[in-house]
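Please look over the sequence and the 3D structure shown here before reading the briefing that follows. The notes after it go through the ligands and their surroundings, topic by topic.

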Amino acid sequence: MVGLSVTDTIEIAKAGGGSRLSRDDIAELLSVRKKDEVSELFSAAGSVRDKVFGNKVFIYGFVYFSTHCRNNCAFCYYRRTNKSLPRYRKTEDDVLALSGSLKDAGINLVDLTMGEDPVMCADDYSELLKITRRVKEEIDISVMVSPGAVPKDSFVKFKEAGADWFACYQETYNRELFSKLRLEQDFDYRMDQKIWAKEAGLLTEDGIMVGLGETLEDRADSIIKMGSLGCQQIRAMTFVPQSGTPMENVKPTEPMDELISIAVMRLLYPDKLIPASLDVEGIAGLKSRLDAGANVITSIIPPNEDLAGVAQHDLDIDSGHRSVGHVLDMLDKMGKKAASCSEYESLLRRLKAGNA
Ligand code: SAM
Ligand code: MD0
Ligand code: SF4
């Protein structure tokens, strides 16, 4: 809407008119950097979130159970050709034990994440399906799978094994940029993951990376697209340069770009789940992300289990600062409460009912 002030645009979005905002309006909101306008944006996002979710925050345990990968994404530490790192693959029993202790500590969901590990992809993902089924049945917890891009006929199998969510991040909806990042991967195949997962009755998560050289219009397009795909959880994460990759010398962008993306997503989509990932700035980045409108804490990792993060593979892990206990203490200090598993499960039932 030409000529609108930032305050007017925020007011329209807040009044539930997010869908009346054009791509240009959204890009305009994403460009806000003046201190008073930024605080106006964050406080609007926070109040929209509080209206839907109160002071409850959902907490997800992260189990990156295999760091082997057949892909060669330009941004990723775990890309196939990065030979400088030790890789691991946890056993089924390890994953069960880790998931069980995360549940006992109070998480709402286990995110079973892997590189596109040939061992896990073999035989139509039989090993991953087995792990998923066992975590669901033996631990009795909500489960997200993040296995990369999988063939169309696999989604019903993940659903049947007990997965609640399928996560697969497009990173950007600019096709040209995508092709420079996710080398040798097909844009449409990755986008279809979200559609196929939804058709199979799974909840879906999509995400963008911020600071890859995308324009504000690209960011706006991605945010609109993630909404129109009907994903129930959407994220923005700042790109963190990784040693041993072609993008190791790219100058990282300020975390503010991610925070503003979170706030704009919240204004446009009041009832979506939006993560505050500990995988960018560690625990130090938790409060700013919640203040920007996030309502899920992801990348919670237990210490001393030889588990890695993705963008920050060891930051804050063995110090215990990414543990459930520490996150719960931090929430307490911020006047927020972690949701119980039964509260989270009833939210998922509502989301599933609306997933048609
Ligand atoms: N291998 C699967 C895939 O690529 O879909 C699942 C795990 S993958 C490691 C999960 C996500 O981590 C990627 O989609 C990307 O958004 C994020 N990621 C990877 N490297 C990153 C980096 N250097 N900075 C920020 N985010 C990164
Ligand atoms: C996170 N490191 O939540 C994790 C990861 C994969 N589903 C999630 C990017 O930040
Ligand atoms: Fe593999 Fe995922 Fe990293 Fe790409 S982002 S190299 S698919 S682990």
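A polar contact is a pair of N or O atoms within 3.5 Å, where, within protein, one must be able to donate a hydrogen and the other to accept it, and residues adjacent in sequence count only if both atoms are side-chain atoms. This is a predicted model, in which local features need pLDDT of at least 70 and side-chain atom pairs count only at pLDDT 80 or more, while totals for chains, interfaces and linings use all residues. Residues are numbered from 1 along each chain as its sequence is written, chains are lettered from A and ligands numbered from 1 in the order in which they are written, and side-chain values use heavy atoms, with hydrogens and water left out.

**Ligand 1**

- A nitrogen atom of ligand 1 is 3.0 Å from a polar backbone atom of Phe75, and a nitrogen atom of this ligand is 2.8 Å from a polar backbone atom of Val240.
- With Arg190 the contact uses the side chain, since a polar atom there lies 2.8 Å from an oxygen atom of ligand 1.
- Taken alone, ligand 1 exposes 550 Å², of which the protein buries 93% (accessible areas come from the Shrake-Rupley method with a 1.4 Å probe, and for residues only the protein chains shown count as cover).
- The shell, meaning residues with a heavy atom within 4 Å of the molecule, holds 20 residues for ligand 1, and the closest are Met114, Glu171, Arg182, Arg190 and Val240.
- By class, this shell has 11 nonpolar, 6 polar and 3 charged residues, where Ala, Val, Leu, Ile, Met, Phe, Trp, Tyr, Cys and Pro count as nonpolar, Asp, Glu, Lys and Arg as charged, and the others, Gly among them, as polar.
- Strand S2 (109–114) and strand S6 (233–238) each supply at least two residues of the shell around ligand 1 (helices, H or I with at least four residues, and strands, E with at least two, are DSSP runs numbered from the N terminus).

**Ligand 2**

- Three side chains have a polar atom beside a nitrogen atom of ligand 2: Ser146 at 2.9 Å, Tyr169 at 2.8 Å and Asp279 at 2.9 Å.
- On its own, ligand 2 has 300 Å² of accessible area, and the protein covers 94% of this.
- The elements that give two or more residues to the shell around ligand 2 are S2, S6 and strand S8 (296–300).
- Among the residues that surround ligand 2 are Phe62, Asp111, Thr113, Arg235, Met237 and Thr298, and by class the shell has 4 nonpolar, 5 polar and 3 charged residues.

**Ligand 3**

- Ligand 3 is surrounded by Tyr64, Cys69, Asn71, Cys73, Phe75, Cys76, Arg79, Gly115 and Arg182.
- These residues divide into 5 nonpolar, 2 polar and 2 charged.

**Salt bridges**

- Side chains of opposite charge can pair when their charged atoms come close.
- The structure holds 27 salt bridges, each being a side-chain nitrogen of Lys or Arg within 4 Å of a carboxyl oxygen of Asp or Glu.
- One of them joins the side chains of Lys136 and Asp164, at 2.8 Å from N to O.
- This pair links distant parts of the chain, 28 residues apart, with Lys136 in helix H5 (residues 118–139) and Asp164 in the loop between helix H6 (155–161) and strand S4 (165–167).
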